[in-house]
Amino acid sequence: MKWPSLRLIPADSPRWRGLSLQLFVLTVLPLTLLLLLVAFGSVSLHQRAMRSLVGERDERAVRTSAFALNEQLRHRRSVVAALALRVADSADFSAILASTPGLRDDFDGGVGIFARSGQLLSLYPPDSFLSRQPAGTGGAILTLAREADMAGVFSEPLAAETSSESYVLAAAGWPGEPVVVGAFSPAGLARTVLSNAFQAGTGSHVFLVDRQDNVLYA
């Protein structure tokens, strides 16, 4: 019986170096590339998942904030509607405004009672954003005085001359009766609502814009 002949190949021989190169190319290199691919793929999937979670969190925060802002607008419309009911039953307008609690909190631009012609009948407080609004033809006050009903209406944001913030007017009134108008800053309202939903340092950026995409709060 013949035994297979064996021959040792010196480590420094060209043939051994060729076998080592083949072993590296066929075994070690593919495994290394596979490991790198798995590692980078895992990092990419993790980052994508984190971005998705952050996006879902921000979307929920935006929806919650929009609902909260809408509720605040409904509340202010209810306040002017309730005042309009009292105005229709009493001629002492100053007493009505002075005896209503929380008006400064809801309407930082003041609350006024206006005739349907736009004439100012009573104002609280006297020095407020409403005191500087024209009541003549073309003014927002006259427009609201003509359109207001007990369902309540809102104006477009109005620029303030003494500050960089704008104000929105909410108005309500019985047909033929004086109209109650309250002015509030949408930036101030957003500052209160959104600061609870978007904490500083989270990397989120939130903007409140009007229908013309003018930034009211950032």
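**Aromatic rings, salt bridges and a surface patch**

Let me begin with the rings, where F107, F154 and F184 are linked by ring pairs into a cluster. Please keep in mind throughout that what we are looking at is a predicted model. When the whole structure is searched, three aromatic pairs turn up. In one of them, F154 and F184 meet edge-to-face, with 6.4 Å from centre to centre and 90 degrees between the planes. This pair joins distant parts of the chain, since F154 belongs to strand β3, residues 153-154, while F184 belongs to strand β6, residues 179-184, and the two are 30 residues apart.

How buried or exposed are these two partners? F184 counts as buried, because its relative accessibility is 3% and the cut-off for buried is under 20%. F154, on the other hand, is partly exposed, with a relative accessible area of 31%.

Staying with F184 for a moment, I would point out R76, which lies over the face of that ring at 5.5 Å from the ring centre. F184 also appears among the contacts of D106, which, once its neighbours within four places in sequence are left aside, touches H75, R76, V79 and F184. D106 itself is found in helix α3, residues 103-106, and with a relative accessible area of 14% D106 is buried. If you look from D106 towards S185, you will find their C-alpha atoms separated by 9.4 Å, although the two residues are 79 residues apart along the chain.

Now to the charged side chains. As a general matter, side chains of opposite charge can pair when their charged atoms come close. In this model the count comes to four salt bridges, and I will go through some of them.

The pair R74 and E71 forms a salt bridge in which the closest N and O atoms are 3.7 Å apart. Both residues lie in helix α1, residues 14-89, three residues apart, which is about one turn of the helix. R74 is partly exposed, at a relative accessible area of 43%, and E71 also counts as partly exposed, at 34% relative accessibility.

What does the salt bridge between E156 and R211 tie together? The side chains of E156 and R211 meet at 3.7 Å, N to O. E156 lies in the loop between β3 and β4, and R211 in the loop between β7 and β8, so the pair ties together parts that are 55 residues apart in sequence. Here E156 is partly exposed, with a relative accessible area of 38%, whereas R211 is exposed, with 73%.

Then there is the salt bridge between E165 and R191, whose side chains meet at 2.8 Å, N to O. Because E165 sits in the loop between β4 and β5 while R191 sits in helix α5, residues 186-197, this pair connects parts that are 26 residues apart in sequence. As for their surroundings, E165 is partly exposed, with a relative accessible area of 24%, and R191 is partly exposed as well, with 39%.

Finally, let me turn to the surface. L31, L34, L37 and V38 make a nonpolar surface patch of about 400 Å². Among them, L37 has its place in helix α1, the helix that also holds R74 and E71. At 61% relative accessibility, L37 counts as exposed, because the cut-off for exposed is over 50%.

Notes
Residues numbered from 1 in each chain as written. Predicted model: local features only at pLDDT ≥ 70, side-chain atom pairs only at ≥ 80, totals over all residues. Heavy atoms only, no water. Phe/Tyr/Trp six-rings, centres within 6.5 Å; stacked < 30°, edge-to-face > 60°. Helix = DSSP H or I, 4+ residues; strand = E, 2+ residues; numbered from the N terminus. Buried < 20%, exposed > 50% of the residue type's maximum accessible area, 1.4 Å probe, protein only. Lys NZ or Arg CZ within 6 Å of the ring centre and 35° of its normal. Patch = residues over 30% accessible without salt bridge, like charges linked within 9 Å, V, L, I, M, F, W, Y side chains within 5 Å. Areas by Shrake-Rupley, 256 points an atom, 1.4 Å probe, with all protein chains shown as cover. Contact = heavy atoms within 4.5 Å.
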